[in-house]
Amino acid sequence: MCLLAAGLAGAGGFSGPAAVLVDRGRVRALGQEALQAGAPRRELAGLWLSPAPLDAHVHLHLGGTPAANLAASRAAGLAAVRDLGHQPRLETPRGENQQPPLVQAAGPGLGAQGPGGSWLAQGLRGPQAFAQAVATRAQARAGVIKLFASGLLDFARPGQVLHPLTLGREEMRAAVAEAGRAGLRVTAHASGEQAVRAALACGVQGVEHGFFLGRETLQEMAARGVSWSPTLAAVQAHIRDTEGRYDQAQRGRLQEIARRQAAQIRLGAALGVRLVLGSDAGSYGLPHGQAAFLEMAAWLQVGVAPELVFRAATSRPARALGLESELGGIFPGARAWLLACHGDPRQDPLHLTRPAWRSF
Ligand SMILES: [Zn+2]
C-alpha cells in the first residue's frame with residue numbers, strides 16, 4: 001500500500017495537488033479518503049500524475065518481433081496497445097494480463113479475396129464467410145475485429161485510394177452482426193468517402209486512417225460516435241523516408257496528402273469526431289512505443305488542442321478498447337499504471353514522453 005502525493009491529470013474534473021492511494025496494483029482511493037488510510041507516503045513534489053497512455057493501432061509483427069515490440073511499448077510507458085492485423089499464418093500476439101502493456105488483438109484482419117485484399121488480412125468472400133471468420137476470431141479470444149474496407153492510399157495521386165471499396169455491404173453487415181453477438185467491436189481500415197460511408201452504414205465502431213473524407217462524412221462520424229485514428233505520423237514517416245524510397249516529386253505528393261489529413265483532423269476535432277490516438281506502429285518509419293508520441297506530436301503540430309490530444313491518448317482509447325473501467329484515468333479501481341511528469345500533460349501531452357517517475 002502506498003500513498004502518492006502529486007498533481008492529478010487524469011481524474012475527471014479533479015485537479016490540483018492530490019493524494020492517490022495505491023494497493024496491489026490498483027488505485028483504491030483519492031483525496032481525503034486516500035489520506036485517511038495512513039499508508040506510507042511517497043511525495044512526488046512538483047510533479048503531475050497521469051494515467052499511462054494507450055496506442056489503439058499497432059502491428060506487433062511488424063518492425064521487429066512481437067516480444068521486442070512489446071518490450072519497446074512497455075519502455076515507452078504504454079498501458080495498452082491494440083494490434084490491428086497481421087498475416088494469417090502468424091500467431092496472434094498476446095501480452096501478460098498483469099503487465100503493461102495490455103494487448104488487445106484482432107488476429108488476422110478480414111479482407112477481400114484477390115485485388116485490393118490486404119496482406120494483413122484473411123481473404124474472404126460472401127457474408128457467411130465473414131460471419132464465420134468473426135466467430136473463429138471470437139473462439140481464438142480476439143479482442144476486436146478488423147475489417148479492410150479499402151485499399152491503400154495512391155501515393156502518386158493525392159486524394160485517391162487504390163481499390164476504394166473492397167468489401168460488400170452484406171459482408172460488412174454480417175461481420176458487424178456476428179461481432180455484436182460475440183461482444184466484440186469492429187474497426188475498419190477505410191480511406192476515402194466511399195469506403196468510410198459504407199463502413200459507417202454497416203455499423204462499425206471505428207475508422208482507421210480515414211483519409212480524404214470531407215465535412216459531411218466527418219459529421220456523420222461525429223453523430224454516430226465512431227472512433228477515428230487518422231494515422232498522420234504514418235504519412236510523415238513516409239515523408240521523412242529514412243530508407244530513401246521516394247524521389248523529391250513523390251515526397252511532395254506525400255506532403256500534399258499530409259496537408260489534407262491535417263486539415264481534416266482540425267475539422268474533425270471542431271465537429272466533435274471522437275479522435276483516438278492510434279499510431280500504426282510497426283509500419284514504415286514508426287518504431288513501437290515511440291510511434292504513439294510521434295502521433296501526438298503530429299496532432300499538436302497541426303493545431304489540435306493539447307487537452308484533446310491528452311484525452312485521445314488516455315480516456316478515449318481506453319473506452320474504444322472497452323477498458324474504461326481500468327485504464328485511461330485515475331479513479332478507484334483503475335490499474336495503477338501511472339506516470340509522474342514535470343508539467344501538466346493536459347497542457348502539454350509530450351510531458352508523457354519524459355516522465356520523472358513511473359509506477360512500472
Ligand atoms: Zn495499420
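Start by colouring the two domains of this predicted model separately: taken over C-alpha atoms, the centres of domain 1 and domain 2 are separated by 30 Å. For the selection itself, domain 1 consists of 2-51 + 328-358, while domain 2 covers 54-320. Where the domains meet, 16 residues of domain 1 are in contact with 17 residues of domain 2, and on the side of domain 1 that touches domain 2 the residues divide into eight nonpolar, five polar and three charged.

Now show the protein chain as a whole, in cartoon form. The chain contains 11 helices and 16 strands. Its radius of gyration is 20 Å, close to the 21 Å that the globule rule gives for 360 residues, so the chain is as compact as a globular protein of that length. Turned onto its principal axes, the C-alpha trace spans about 65 × 45 × 40 Å. If you colour by burial, buried residues make up 54% of the 360 residues. A contact map would add that, among contacts with a separation of 6 or more, 63% are between residues 24 or more positions apart.

Next, select strand E1 (residues 2-8) and pick out Ala6, which has its place there. Ala6 counts as buried because 23 C-beta neighbours lie inside 10 Å, where 20 or more are required. Leaving aside neighbours within four places in sequence, the contacts of Ala6 are Leu44, Leu47, Trp48, Leu49 and Ala340. Add Leu339 to the selection as well: Ala6 and Leu339 are 333 residues apart in sequence, yet their C-alpha atoms are 11 Å apart in space.

From Leu49, one of the contacts of Ala6, move on to the largest nonpolar core, which holds 115 residues. Which of its residues touch the most other members? They are Leu49, Ile145, Leu147, Ala149, Ala175 and Ala199. The element that gives the most to this core is H9, with seven residues. Both domain 1 (2-51 + 328-358) and domain 2 (54-320) give residues to the core, so it lies between them. Centre the view on Ala175 and, not counting residues up to four places away in sequence, you will find that it touches Leu110, Phe130, Ala131, Val134, Ile145, Leu147 and Val186.

Helix H9 (290-301) deserves a selection of its own. Its end C-alpha atoms are 16 Å apart, in agreement with the 16 Å that its 12 residues should span at 1.5 Å a residue. Within H9, the buried residues are Ala291, Ala292, Phe293, Leu294, Glu295, Met296, Ala298 and Trp299. To see what covers them, display the surrounding elements, including strand E5 (54-58), helix H7 (232-240), helix H8 (248-271) and helix H10 (306-313). After H9 comes Gly303, with a positive phi near 100 degrees.

The following stops concern backbone geometry. Most residues other than glycine have a negative phi, and most peptide bonds are trans. Step back from H9 into the loop that joins strand E14 (274-275) to this helix, and select Asp280, where phi is positive, near 70 degrees, in a residue other than glycine. Is Asp280 buried or exposed? Asp280 is buried, since 25 other C-beta atoms lie within 10 Å and the threshold is 20 or more.

Arg141 is the next selection, in the loop between helix H3 (127-139) and strand E10 (145-148). Although Arg141 is not a glycine, its phi is positive, about 65 degrees. Arg141 counts as exposed because it has 10 C-beta neighbours inside 10 Å, and 12 or fewer is the limit for that class.

Then go to the loop between strand E6 (80-83) and strand E7 (102-105), where Pro101 lies. The peptide bond joining Pro100 and Pro101 is cis, with omega about -5 degrees.

End the tour at Trp119, in the loop between strand E8 (109-112) and strand E9 (121-124). With 13 other C-beta atoms within 10 Å, Trp119 is partly exposed. Draw a distance from here to Arg28, and the C-alpha atoms of these two residues, which are 91 residues apart along the chain, prove to be separated by 44 Å.

Technical notes
Residues are numbered from 1 along each chain as its sequence is written. This is a predicted model: local features need pLDDT of at least 70, side-chain atom pairs count only at pLDDT 80 or more; totals for chains, interfaces and linings use all residues. Helices (H or I, at least four residues) and strands (E, at least two) are DSSP runs, numbered from the N terminus. Domain bounds come from an automatic or database domain assignment. Two residues are in contact if their C-beta atoms, placed from the backbone, lie within 7 Å. Ala, Val, Leu, Ile, Met, Phe, Trp, Tyr, Cys and Pro count as nonpolar, Asp, Glu, Lys and Arg as charged, and the others, Gly among them, as polar. The radius of gyration is taken over C-alpha atoms; the globule rule is 2.2 Å times the number of residues to the power 0.38. The expected span of a helix is 1.5 Å times one less than its number of residues. A nonpolar core is a set of buried Ala, Val, Leu, Ile, Met, Phe, Trp, Tyr and Cys residues joined through C-beta atoms within 7 Å.
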